[in-house]
Amino acid sequence: MAGYLIKDNKKITTKKFQEMKQQGEKIAMLTGYDYTMASIMDAAGVDSVLIGDSASNVIIGNTTTLPITMDQMIYHARCVTNAVKRALVICDMPFGSYQISREDALRNACRLMKESGVDALKLEGGVEILDTIKGLIQAGIPVCGHLGLTPQSVHQFGGFGLRATEEAEANKLISDAQALDKAGCFAIVLEKVPAALAAKVTKMVSCPTIGIGAGNGTDGQVLVSADAMGMTVGFKPKFLRYFAQIGEAITDGVGDYVRAVKDSSFPNESESY
């Protein structure tokens, strides 16, 4: 419960991210998709809430992140921004919203910022989308990069396996990270890459790196909140640690509720008007 005792309620910004890297303070990020959960995470002291396109899997039940739409992302982002007062709020641009052209990406990015109220956007990819990233940054939109396992490219990769294990792909990841850093990205997510490579990249770029399945040498960590809180069933990759067992608690609570209704012990006299 110590997280609720945080005294510094000053809004975290992209500048603060940079200061945290320089001071060696790790960045704690979790995904969030709704008002209630985001309120709890913000009060508990998380540094950043990411409205991930993982909502496609966690909230909607799709097998990949690809089907989620701009309208759906804006809806979830608005729910989160209504709740968060302190943490930096970042939203994924969904598949198809920025790959077509720089102009299309800028139009969608402006809409996402205006209609959701988030602080920044995250895009997957390296030099292939560098011109688009530069366009967004020039328009005043803070951009977080995303390299390594980029789930929107799952069909190209042929699965969700570890990335950049071979020298050629590792070298490309390094050059991509340097290009994103030079372009002005305020942070870069490194997903499911060897720990040594992630640590190397972290030292080579000036912006903070946020790891997920990338070891402890990054400047921060991010997990899908439903996974970290034990709400998902049958998903336990090597990099995932359960920090709570909310799924079990909800199951027990629902079971108790059902039994109380069935045996007429709820509502009792004190719970009735």
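In this predicted model, Ser225 belongs to helix H10, which spans residues 225–228. With a relative accessibility of 4%, Ser225 falls under the 20% limit and is therefore classed as buried. Beyond its neighbours up to four places away in sequence, Ser225 touches Leu30, Thr31, Tyr33, Met37 and Met41. One of these residues, Thr31, also takes part in a polar contact, in which the side chain of Ser225 reaches the backbone oxygen of Thr31 at 2.8 Å.

A second serine, Ser56, is placed in helix H3 (residues 55–58). Ser56 has a relative accessible area of 0% and is thus buried. The side chain of Ser56 reaches the backbone oxygen of Thr64 at 2.7 Å. When neighbours within four places in sequence are left aside, the residues in contact with Ser56 are Gly61, Asn62, Thr64, Thr65, Pro67 and Ile68. Thr69 lies 13 residues from Ser56 along the chain, and the C-alpha atoms of the two are separated by 8.9 Å.

The loop between H3 and H4 contains Ile60. Ile60 has a relative accessibility of 39%, a value between the limits of 20% and 50%, and therefore counts as partly exposed. Outside its neighbours within four places in sequence, Ile60 is in contact with Ala55, Ile68 and Gln72. Ile60 and Gln72 are twelve residues apart along the chain, with a separation of 9.9 Å between their C-alpha atoms.

Helix H4 (residues 70–81) packs against helix H5 (residues 102–116) at an angle of about 35°, and the two axes are 9 Å apart. The crossing of H4 and H5 is right-handed. On the H4 side, the contact is formed by Met70, Asp71, Ile74, Ala77, Arg78 and Thr81, whereas H5 contributes Asn108, Arg111, Leu112, Glu115 and Ser116. Sorted by class, the residues of this contact comprise four nonpolar, three polar and four charged.

Helix H6 (residues 130–138) includes the buried residues Leu130, Thr132, Ile133, Gly135 and Leu136. The elements covering the buried residues of H6 include H5, strand S4 (120–122), strand S5 (143–148) and H8. Just after H6, Gly140 adopts a positive phi of about 90°.

The largest nonpolar core consists of 76 residues, among which Leu121, Leu123, Leu136 and Leu190 have the most contacts inside the core. The greatest contribution to this core comes from helix H8 (residues 167–183), which supplies seven residues. Of the core residues named above, Leu136 is also one of the buried residues of H6. For Leu190, the contacts outside its neighbours within four places in sequence are with Leu147, Leu173, Ala198, Val201, Thr209, Ile210, Gly211, Ile212, Ala214 and Thr218.

Thr150 is located in the loop between S5 and helix H7 (154–157). At a relative accessibility of 7%, Thr150 is classed as buried. Apart from neighbours within four places in sequence, Thr150 is in contact with Glu124, Gly125 and Phe157.

Backbone geometry was also examined. Lys192, in the loop between strand S6 (187–191) and helix H9 (195–204), has phi near 50°, a positive value in a residue other than glycine. Lys192 counts as partly exposed because its relative accessibility of 23% lies between the limits of 20% and 50%. Ser264 likewise is not a glycine and has a positive phi, of about 65°. Ser264 is placed in the segment after H11 and, at 61% relative accessibility, is classed as exposed. Pro267 also lies in the segment after helix H11 (246–262). The peptide bond from Phe266 to Pro267 is cis, with omega near -5°.

Key:
Residues are numbered from 1 along each chain as its sequence is written. This is a predicted model: local features need pLDDT of at least 70, side-chain atom pairs count only at pLDDT 80 or more; totals for chains, interfaces and linings use all residues. Side-chain values use heavy atoms; hydrogens and water are left out. A nonpolar core is a set of buried Ala, Val, Leu, Ile, Met, Phe, Trp, Tyr and Cys residues joined through side-chain atoms within 4.5 Å. Buried means under 20% relative accessible area, exposed over 50%, partly exposed in between (1.4 Å probe, protein chains only). Helices (H or I, at least four residues) and strands (E, at least two) are DSSP runs, numbered from the N terminus. Contact means heavy atoms within 4.5 Å. Axes are lines fitted to C-alpha atoms, for helices over the stretch in contact, and angles run from 0 to 180 degrees between N-to-C directions. A crossing is left-handed if the near helix is turned anticlockwise from the far one by less than a right angle, and right-handed if clockwise. Ala, Val, Leu, Ile, Met, Phe, Trp, Tyr, Cys and Pro count as nonpolar, Asp, Glu, Lys and Arg as charged, and the others, Gly among them, as polar. A polar contact is a pair of N or O atoms within 3.5 Å; within protein, one must be able to donate a hydrogen and the other to accept it, and residues adjacent in sequence count only if both atoms are side-chain atoms.
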